[in-house]
Amino acid sequence: MEEEIWDYIDGNASPEQTLSVEAKIASDPVYSSLYKELLAIDEQMNGMDLEEPSMSFTRNVMEQVKLEIAPVALKTKVDKRIIYSIMSFFVCTIVAILVYVFSNSTFTLPDLDFKTTFQTEQLDFTKYVTPAFIKGFLFIDLLLALVFVDSLLRRRRA
């Protein structure tokens with residue numbers, strides 16, 4: 001009941017609610033007296049001046065905030081055993097599913113007959129594997145090993 005009257009006083013009521021409240025005010029003396037009380041309260045509240053903080057209040061508050069120590073982010077450490085146990089559970093589940101699938105399926109390959117005239121005696125690797133090729137291969141392996149060692153050392157240092 002009070003909510004309807006407050007909406008009517010504030011002007012937030014729909015046209016149907018406005019007509020309903022006006023009819024109740026005109027016909028019901030209790031409703032009319034409540035309306036007059038709430039209207040008097042609204043007039044008193046509109047007549048009051050709002051208190052404003054002093055001009056230096058904001059500056060003082062901001063200075064106090066600057067003096068506060070900034071909170072440090074929490075660095076929680078997760079136990080690696082938990083991670084490993086979760087990982088092992090999923091790995092075991094995947095292996096179990098694969099074993100089930102492979103054990104319940106039948107694999108039949110068609111008979112393939114490769115008729116090739118290729119003979120291993122015809123392969124001559126000496127024209128492909130030259131001393132320059134071996135030196136290049138070893139050089140690339142050395143570079144990859146150095147990159148790997150460098151990454152390991154950087155991880156240990158950090």
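Two residues are in contact here when heavy atoms of theirs lie within 4.5 Å. Keep that in mind for this predicted model: among contacts in the protein chain with a separation of 6 or more, 60% are between residues 24 or more positions apart.

What is the chain built from? Its secondary structure comes to six helices and zero strands, so the pattern along the sequence reads α-α-α-α-α-α. The radius of gyration is 43 Å, well over the 15 Å that the globule rule gives for 158 residues, so the chain is more spread out than a compact globule. Along the principal axes, the C-alpha atoms fill a box of roughly 120 × 55 × 35 Å.

Now for the surface. Just 7% of the 158 residues count as buried. The accessible surface comes to about 15,400 Å², and 65% of that belongs to carbon and sulfur atoms.

On to charges. The chain carries 15 positive and 23 negative side chains, with the centres of the two sets 29 Å apart. Side chains of opposite charge can pair when their charged atoms come close. The count here is four salt bridges, including these:

| Pair | Closest N and O atoms |
|---|---|
| E4 and K24 | 3.5 Å |
| R81 and D79 | 2.9 Å |
| R154 and D150 | 3.1 Å |

The E4–K24 pair links distant parts of the chain, with E4 in helix 1 (residues 2-10) and K24 in helix 2 (residues 15-27), 20 residues apart. R154 and D150, on the other hand, both sit in helix 6 (residues 131-157), four residues apart, or about one turn of the helix.

Are these partners buried or exposed? R81 is exposed at 64% relative accessible area, while D79 is partly exposed at 31%. R154 is exposed at 55%, and D150 is partly exposed at 36%.

Definitions and conventions
Residues numbered from 1 in each chain as written. Predicted model: local features only at pLDDT ≥ 70, side-chain atom pairs only at ≥ 80, totals over all residues. Heavy atoms only, no water. Helix = DSSP H or I, 4+ residues; strand = E, 2+ residues; numbered from the N terminus. Rg over C-alpha atoms; globule rule 2.2 N^0.38 Å. Buried < 20%, exposed > 50% of the residue type's maximum accessible area, 1.4 Å probe, protein only. Areas by Shrake-Rupley, 256 points an atom, 1.4 Å probe, with all protein chains shown as cover. Lys, Arg positive; Asp, Glu negative; His and termini not counted. Charge placed at Lys NZ, Arg CZ, Asp CG, Glu CD. Salt bridge = Lys/Arg side-chain N within 4 Å of Asp/Glu carboxyl O.
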